[in-house]
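Grab a coffee and open your viewer. Here is a set of exercises to work through with the structure on screen, each with its solution spelled out.

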Amino acid sequence: MGDGSFVTATTQHPPTTHNNPTSNHQKTCANRSISNLRHHPREEIDRDREKADRTIRNFVPSSERMTKLTNAMLILALSKTFVTASRSMPSSMLRSTDALFGQRPSMVAFSILPSKTSNTRHYSLSNIRMVSSTDVELSSDPAAQVEQKSSTPPLLLLHTVMVHRNRQSASFREGTPLIFGGSVAATFTDHCLGDSQASNSNIPMGSLVAVTVSRDPPPKGKGKKDSRGRKRTSKGSDKKEKENTPVPHYSFNNADTETNHRDNINQSQLIGFGVFNPSSMYRVRILCHETMHPGLTKEIRSARKKMQRGSAQSEKYDNDMILQLILERQLSNAIRTRLALNLPSPITDTYRLVNGEGDGLSGLAVDVLGGSTAIVMSSAAWCEIHKEIILSVLEKSLKGHPSYEGKDVDIVWRTTPNRLNQDGYEVLSKGSENDEEDEKGEISVVATESSVKYLTYPYSDGQKTGFYCDQRENRLMVAELCRNKRVLDLCCYNGGFALNAMIQGGATGVVGVDSSQDAVEAAEENAKLNGLAENDVSFVKDDIASYMKSAIEAGDEFDCIVLDPPKLAPSVSSLDKASRKYHALNRDAMNLISKDQGGLLLTCTCSAAMTQKDGGQYFLNMVNGAALSAKRRVTLLRVSGAASCHTQSPASFPAGAYLSAALFHVGPADT
């Protein structure tokens, strides 16, 4: 018998009357068959019959309980022969009982699954359902199994995650969107229309869950204290072990009267609703907080209660519909927020419409380019699992957007494989189904930001893919300070700071430097698109460290320098190495500032580890250290972050902060 094979054991329904003349004969045949097959002592057969009877009472309504004849025959499925069956199980044990009963019996189908605990093949009984057939069936064909499963009605499952009551759970109630594994106390699955014993595994990845916290106060433990009587803090290894510790999972249904799981859930305090991921450090991403969306929460709770009562099918309530409600509400709020920021506007049609946790949709970001294309960036497993729902709701929301009435906004779906892998979701390699997108790779979309136009390529996989709109306000801020100044734009990408300095700021000359040939070509195309001459702005392909070294040796000087390198510190562990690199780049940039008059330096980091370290002071200390090495005096003028359309959740700030842009005045060289 192969792994995952389906075995069906025949069982005869009890007769409608108590007078059955063939009952004794059938019982005798059944007992003789059992004796021949198993050779059990009488006491073992009795124990098996009692076990079978208990199992029948769990699986079959009381009005249809089996007779002793049925109990005896069901031993074929429930006795040790089936529970601890091996590959060499004789097929003669699975013959039809038509000859015995003279009619078509009802049948109970069991899924026989191998155990991984030992070399011996143990099997368990699960997924019980009533089927009808003339013969006992034995099938290992996956297609046949799918066909058998498809005949069962769809189950309505309500999942709940209960977190520990402590200070951290208080932050969840106050709006923190991410719940770590160590905060989870238990998980529950309510089988509204099915058998709770059909699936007792953990909640599947991407499932919609209610998040609750017990109303019982936490136990008052003394805890471990050090020699001075202070409470010891958990070590990193202890915290990691707590994160990976399995939590209990409970499955139950309406007929389950022996447990009080539903009462415990109903008596707990609701935090909100989110999506579950057992493979991620973020066990739950909360998408709807009860405190911030009381009306939506009330609607969701009503739908879940109807699902519990089994009355939801007539009204088509299910978890997908609830997720759709949440997405519609959050996208509507995101649109209102951008309209309040005057986005889009006559001079800016490119901006971020959805920014993850900042808009209540952790792991999902959406940029609008040129008012005609929406780029969806998925970085969480739930986004991939519910891709069709997200696309459907986004399309509907854009059609209802007052700025896009009568327009068709094309939607492009993109993934961030590294972050998806961290979230436990494997991204499949690009296949032939993407050929159409490959053909559209060179199609450009003109994006306008602060009246400056850019060619973007949203269908391409290269560096020219899209547009970084997070620096919009910083580009405009620097441009206003560049009149009659010579400007150097380091790591210029597609020329954002350089073009703004020339078009909006009136700079006398601009040089942009980038190590990517694609970026340099894109910047040159954008300069032509905006009508700039080659002597006004030039772009150079070079490593910025090499360029600055050569420029210093050549005696070049600038009045304003923008240093916006790529992410140098992807994690905290790489922070020290990245700091040395940042230090060297900032030191050399200061040495290119006019030694007689001084000038401006806008230095940036898009590394969240650098931005969040010591509340941002770490980055400023690094710049100050670079100034000491360059023997230049610096004055901090302002510190800013990403553009306002890159919204952030105040409950989780500064966790969502990744961009720091610090503007300094670099004084003249004191010679």
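The exercises below go from the overall fold down to single residues, and the model is a predicted one.

**Exercise 1. Get a feel for the whole chain: how many helices and strands does the protein have, and what share of its residues is buried?**

Solution.
- Start with the secondary structure: there are 22 helices and 24 strands.
- Next, check burial. Of the 671 residues, 47% are buried.
- Then look at the surface. About 33900 Å² is exposed, and carbon and sulfur atoms supply 48% of that.
- Finally, ask how far apart in sequence the contacts reach. Taking contacts between residues at least 6 apart, 71% join residues at least 24 apart.

**Exercise 2. Find the largest nonpolar core and say which helix gives the largest share of it.**

Solution.
- The largest nonpolar core has 47 residues. Ile322, Ile326, Leu327, Leu353 and Trp382 have the most contacts inside it.
- Helix 11 (residues 319-340) gives this core its largest share, with nine residues.
- Zoom in on Ile322. Skipping neighbours within four places in sequence, Ile322 touches Leu208, Ile300, Ala303, Arg304 and Met307.
- Don't stop there: a second, separate core has 35 residues, including Leu488, Ile561, Leu592 and Met622.
- As background, nonpolar side chains tend to be buried together in soluble globular proteins.

**Exercise 3. Take helix 19 (residues 544-554) and work out which residues are buried and what they pack against.**

Solution.
- List the buried residues first: Ile544, Tyr547, Met548 and Ala551.
- Look down the axis. The buried residues of helix 19 fall within an arc of 95°, so they line one face.
- Turn to the face pointing away from the buried side, where you'll find the exposed residues Lys549 and Glu553.
- Now see what the buried residues pack against: strand 18 (486-490), strand 19 (509-514), strand 21 (560-563) and helix 20 (575-591).
- Check both ends. Asp543 caps the N-terminal end, with a side-chain oxygen 3.1 Å from the backbone nitrogen of Ala545. After the helix comes Gly555, which has a positive phi near 80°.

**Exercise 4. Count the disulfides, then check what surrounds Cys492 and Cys604.**

Solution.
- The count is zero disulfides.
- For Cys492, the nearest cysteine sulfur belongs to Cys491 and is 8.1 Å away. The cut-off for a disulfide is a sulfur pair within 2.5 Å, and Cys492 is in no disulfide.
- For Cys604, the closest cysteine sulfur is in Cys606, at 8.8 Å, which is too far for a bond.
- Add burial: Cys492 has 4% relative accessibility and counts as buried. Cys604 is buried too, at 0%.

**Exercise 5. Look for backbone oddities: which peptide bond is cis at Pro344, and what is the sign of phi at Ser451 and Cys491?**

Solution.
- Recall the background: most residues other than glycine have a negative phi, and most peptide bonds are trans.
- The cis peptide bond joins Leu343 and Pro344, with omega about 0°. Pro344 sits in the loop between helix 11 and strand 12 (351-355).
- Ser451 has a positive phi of about 75° though it isn't a glycine. Its loop runs between strand 16 (445-449) and strand 17 (452-456), and at 40% relative accessibility Ser451 counts as partly exposed.
- Cys491 is another non-glycine with a positive phi, about 60°. You'll find Cys491 in the loop between strand 18 and helix 17 (496-503). Cys491 counts as buried, at 16% relative accessibility.

**Exercise 6. Place two loop residues, His293 and Ser372: is each one buried or partly exposed?**

Solution.
- His293 lies in the loop between strand 11 (282-289) and helix 10 (294-309). With a relative accessible area of 12%, His293 is buried, since the cut-off for buried is under 20%.
- Leaving out neighbours within four places in sequence, His293 contacts Cys288, Arg329, Gln330 and Asn333.
- Ser372 lies in the loop between strand 13 (364-369) and strand 14 (373-378). At 30% relative accessibility, Ser372 counts as partly exposed.
- With the same neighbours left out, Ser372 contacts Asp408, Val409, Asp410 and Val445.
- To finish, take Ser372 and Asp408: they are 36 residues apart in sequence, and their C-alpha atoms are 7.0 Å apart.

Terms used:
Residues are numbered from 1 along each chain as its sequence is written. This is a predicted model: local features need pLDDT of at least 70, side-chain atom pairs count only at pLDDT 80 or more; totals for chains, interfaces and linings use all residues. Side-chain values use heavy atoms; hydrogens and water are left out. A nonpolar core is a set of buried Ala, Val, Leu, Ile, Met, Phe, Trp, Tyr and Cys residues joined through side-chain atoms within 4.5 Å. Buried means under 20% relative accessible area, exposed over 50%, partly exposed in between (1.4 Å probe, protein chains only). Helices (H or I, at least four residues) and strands (E, at least two) are DSSP runs, numbered from the N terminus. Contact means heavy atoms within 4.5 Å. The arc is that of the directions from the helix axis to the C-beta atoms. A polar contact is a pair of N or O atoms within 3.5 Å; within protein, one must be able to donate a hydrogen and the other to accept it, and residues adjacent in sequence count only if both atoms are side-chain atoms. Accessible areas come from the Shrake-Rupley method with a 1.4 Å probe; for residues, only the protein chains shown count as cover.
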